[in-house]
Structure formats: structure tokens, C-alpha cells
Number of protein chains: 2
Amino acid sequence: MTPPDTHVDAETALDHAPAGHKDDLRLWLRMLSCARLIEAEIRRRLRINFDTTLPRFDFLAQLERAPDGLTPGEISRRMMVTGGNVTGLAARLEEEGLIERRAVREDRRAVTLRLTPSGRREFARQSAAHEDWVAELLGGLSATDRGALLRLLDRTRRSVRGAISEGGA
Amino acid sequence: MTPPDTHVDAETALDHAPAGHKDDLRLWLRMLSCARLIEAEIRRRLRINFDTTLPRFDFLAQLERAPDGLTPGEISRRMMVTGGNVTGLAARLEEEGLIERRAVREDRRAVTLRLTPSGRREFARQSAAHEDWVAELLGGLSATDRGALLRLLDRTRRSVRGAISEGGA
DNA sequence: CGGAAATAGTTTAGGCTTCAACTTTCAGGG
DNA sequence: CCCTGAAAGTTGAAGCCTAAACTATTTCCG
């Protein structure tokens with residue numbers, strides 16, 4: 001049924017490429033599939049166990065670390081998403097009573113968002129389970145592998161950041 | 001339903017999981033941020049240079065590898081997204097003339113999607129640029145690092161798959 | 001044959017995400 | 001003081017994505 005997946009003649013391509021091109025692509029695709037696999041599983045469990053989503057979870061996590069609350073703008077920067085996105089998430093979370101808005105005295109444009117007691121309780125439950133899930137999913141790695149992977153990912157991030165800040169094609 | 005997830009208190013936990021739990025979380029967060037960083041940059045460049053998106057690009061990539069076309073169901077499995085999603089993407093890509101639908105003789109429920117000549121040309125352009133981008137972003141890694149990372153990610157994927165197929169909490 | 005079950009694909013409702021346009025407010029220089 | 005520009009936040013349109021319900025067809029098997 002499935003065709004033999006006629007692969008491009010890799011050898012020929014490699015002759016011209018400066019030693020990496022194709023390998024880099026393979027590496028990226030593997031990292032992507034790996035990250036997506038984990039992410040999908042975590043999303044699935046958040047939905048099944050807590051009837052919530054990853055963005056909501058991340059949002060609460062940001063507020064948990066900021067006892068005095070955060071402005072939408074600050075959350076937007078920390079989560080690396082747009083402001084409009086934060087508006088929508090905040091609306092739903094407030095609707096559910098997990099966060100609350102509070103006006104800022106010194107700047108009437110701004111507002112701070114913070115966890116309600118209920119939100120704090122709920123996030124604590126979710127956070128504990130989340131931590132267990134990750135440990136379960138990565139449990140097959142040895143301590144050595146974990147350390148090596150952490151270091152390599154750090155180098156990767158530096159490589160990417162460097163490339164972005166420079167050329168930025 | 002869900003077990004109370006009785007959390008071992010911190011002391012006991014440390015005894016049993018000396019170097020796992022928290023480290024796994026750190027590892028996962030780093031992998032996630034790394035993958036998202038790359039993905040965001042690729043999305044940005046696809047939008048700026050080709051006025052397209054990553055899902056569209058992935059969709060065309062699947063069809064490129066299948067000269068005889070694919071059914072929506074097959075694409076859905078390969079891209080690991082739902083069928084409804086494929087319906088929407090296919091509609092837009094057909095609208096733009098990049099792919100075409102063709103009825104299947106033997107099964108009147110099914111349809112095959114394939115690249116049009118225009119779609120094939122367009123994807124070739126995008127694909128070449130995409131490959132260059134990835135090589136540029138990962139260019140800071142040595143050949144050794146790349147190899148090690150590839151191997152570690154493979155182990156990670158196996159660990160995750162194992163955990164999912166087993167417990168599946 | 002005939003009906004139950006499975007499969008292919010679409011549709012719908014709702015959440016996530018972005019970009020661009022917009023409103024309100026603040027800050028600085030004439 | 002006023003005007004211009006920047007900043008905080010919201011809104012709207014459009015695309016992406018999922019789960020669930022639905023239609024149409026095929027397959028299985030009794």
C-alpha cells in the first residue's frame with residue numbers, strides 16, 4: 001500500500017552541501033517530532049485530568065511566580081506571545097475565577113493580573129501532576145543522558161539565538 | 001476517577017528520586033523553549049519570504065514525497081493532526097491552486113490530493129530556503145554535537161513512546 | 001442477501017494565535 | 001499649555017487545531 005518512499009539520492013546532494021545541510025534538517029525534524037510528541041501528551045493529560053489547556057497552564061504558572069501580579073504586557077513578553085492573545089486568555093481565566101484584574105494606581109492604562117486563592121489551589125494541583133508526567137515521560141533516560149542532553153540543548157539555543165540576532169534573513 | 005495523587009512530601013521524595021523529578025522538568029522546559037525558538041523563527045521567515053505558514057509547508061512536503069498523491073486520512077496520520085484539520089488546510093491550498101483533488105475509483109468515499117505543477121514549483125522554492133534556514137540556525141553546533149544530540153533525541157523519543165504506550169495516565 | 005460495524009471525509013463549535021487597526025493614557029518638547 | 005509620539009491594552013479578521021457529531025460508503029459476517 002505505502003509506496004517505498006523513494007528517497008532523494010542523498011549522496012549527490014551531500015557533495016555540494018557544506019557538510020551539515022542535510023544533517024541539520026534531520027536533527028531539526030527529530031527535535032521537532034520529539035518535542036511535539038511530549039507536548040501532545042501533556043496537552044492530552046491536561047485536558048483529560050483537569051479540563052484545561054497548555055496555554056492556560058503556562059499562564060497560571062507565570063502568575064504563580066509573581067505574587068504581586070503581572071501586567072498583560074509583562075505576561076505577553078514572558079510567554080512570548082502577542083498582547084491580543086493574553087487578552088483572550090485572561091478573559092477566560094477571569095471568567096472561571098482563577099485570576100483577577102486590579103487597576104494600577106500610577107498608570108490608568110495598565111492593569112495587573114493575579115491568581116485568586118482558587119486559582120492558586122487549582123494551579124498547585126495541576127503543577128504537581130505536570131511534574132510527575134514529565135518525569136514519567138523522560139524516565140527512560142539515564143542521568144548521564146539527561147545531563148548531556150541539557151548541555152547540548154543549551155548549545156543549540158545559543159546557536160539559534162546567535163543566528164537570529166545576526167543575519168536575521 | 002483520577003487517583004488522589006498523594007504527593008510524597010518533599011523530604012521523602014528526595015530520598016526516592018534523588019536526581020530525577022526536577023531535573024526532568026528542567027530538561028523538558030529547555031527542549032520546549034529550544035524547539036519553540038527555532039519554530040517561531042521558521043514561521044516568521046515563511047511568512048515574510050513566502051507569505052505562507054508552517055502547516056501549509058508541511059502539507060506540501062507530504063505531497064511532494066508522494067508522487068501519486070495521498071488521501072486526507074493518510075496526510076492526517078503523517079502530520080499527526082486531526083482529519084478536520086486536513087479538510088480545512090486542503091480547502092485553502094486547493095483554493096490557491098497548489099494542490100488538486102481527484103476522485104478514487106475503487107472507493108467512492110475517498111479522494112486523493114496531489115500537488116499541481118504550480119504547487120510543486122512553489123514548494124521547491126520554499127523547501128530550498130527552509131533547508132538553508134535550518135542549517136544557518138544550527139550552524140553553531142559541531143559535527144560531534146549534532147551526532148550526540150541526534151542520538152539523545154532518539155532515546156528521548158523512545159522513552160516517551162514507551163511511557164505513553166504503557167501507563168497512559 | 002441484509003444489517004451491524006468500521007472507515008473516509010466533512011461539518012460545527014470553540015479555543016488558541018497572529019497581525020493590524022484602534023482607543024486611551026502617558027511623556028516630552030515647543 | 002498643546003501637540004506629537006510612544007506605550008498599554010483591546011478588538012476584529014483570519015488561520016490553525018481539536019473533539020464530537022454527522023453523512024456516505026464499504027466491509028464483515030450470519
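Buried here means under 20% relative accessible area, exposed over 50%, and partly exposed in between, with a 1.4 Å probe and protein chains only. Helices (H or I, at least four residues) and strands (E, at least two) are DSSP runs, numbered from the N terminus. The model is a predicted one, where local features need pLDDT of at least 70, side-chain atom pairs count only at pLDDT 80 or more, and totals for chains, interfaces and linings use all residues. Residues are numbered from 1 along each chain as its sequence is written, chains are lettered from A and ligands numbered from 1 in the order in which they are written, and side-chain values use heavy atoms, with hydrogens and water left out.

Chain A first. Seven helices and two strands make up its secondary structure, and from the N terminus on they come in the order α-α-α-α-α-β-β-α-α. The chain has 169 residues, of which 43% count as buried. Contact is taken as heavy atoms within 4.5 Å. Looking at contacts in chain A between residues at least 6 apart in sequence, 52% join residues at least 24 apart.

How do the two protein chains relate? In general, two copies of a chain are related by a rotation about an axis and a shift along it. Here, with copies superposed by least squares on the C-alpha atoms of residues with pLDDT of at least 70 in both, chain B can be laid on chain A with an RMSD of 0.2 Å by a turn of 180° and a shift of 0.0 Å along the axis. That is the relation of a two-fold axis. Of the interface residues of chain B, 95% are also interface residues in chain A, so the copies meet through the same surface. One residue to look at in this setting is A:Asp145, which sits in helix α7 (residues 143–165) of chain A. A:Asp145 is buried, at a relative accessible area of 11%, and, leaving aside its neighbours within four places in sequence, is in contact with B:Leu152 and B:Arg155.

Next, the interior. A nonpolar core is a set of buried Ala, Val, Leu, Ile, Met, Phe, Trp, Tyr and Cys residues joined through side-chain atoms within 4.5 Å. The largest one holds 88 residues, and A:Phe59 and B:Phe59 touch the most other members. Setting aside neighbours within four places in sequence, A:Phe59 is in contact with A:Ile75, A:Met79, A:Val86, A:Leu89, A:Ala90, A:Leu93, A:Ile99 and A:Leu113. As for α3(B), eight of its 11 residues are buried, so this helix is largely enclosed by the rest of the structure. Those buried residues are B:Leu54, B:Arg56, B:Phe57, B:Phe59, B:Leu60, B:Ala61, B:Gln62 and B:Leu63.

Now for the DNA. A residue is near a strand if one of its heavy atoms lies within 4 Å of it. Strand C is surrounded by 24 residues, the closest being A:Arg56, A:Arg92, B:Gly73, B:Arg101 and B:Arg109. Of the strand C atoms within 4 Å of the protein, 79% belong to sugar or phosphate and the rest to bases. A polar contact is a pair of N or O atoms within 3.5 Å; within protein, one must be able to donate a hydrogen and the other to accept it, and residues adjacent in sequence count only if both atoms are side-chain atoms. Phosphate oxygens of strand C lie 2.9 Å from a backbone N or O atom of A:Arg108, 2.8 Å from one of B:Gly73, and 2.9 Å from a side-chain N or O atom of B:Thr87. Elements giving two or more residues to this surface are α3 (54–64) and α5 (83–95) of chain A, together with α4 (72–79) and α5 (83–95) of chain B; α5(A) gives the most, with four residues.

Strand D has 23 residues around it, with A:Arg101, A:Arg109, B:Thr53, B:Arg56 and B:Arg92 the closest. Sugar and phosphate account for 78% of its atoms that come within 4 Å of the protein. Backbone atoms of A:Gly73, B:Thr82 and B:Arg108 each lie 2.9 Å from a phosphate oxygen of strand D.

Two loop residues round things off. A:Asp51, in the loop between α2 (21–50) and α3 of chain A, has a positive phi of about 50° although it is not a glycine, and is exposed, with a relative accessible area of 68%. B:Met80, in the loop between α4 and α5 of chain B, has a positive phi near 55° and is exposed at 56% relative accessible area.
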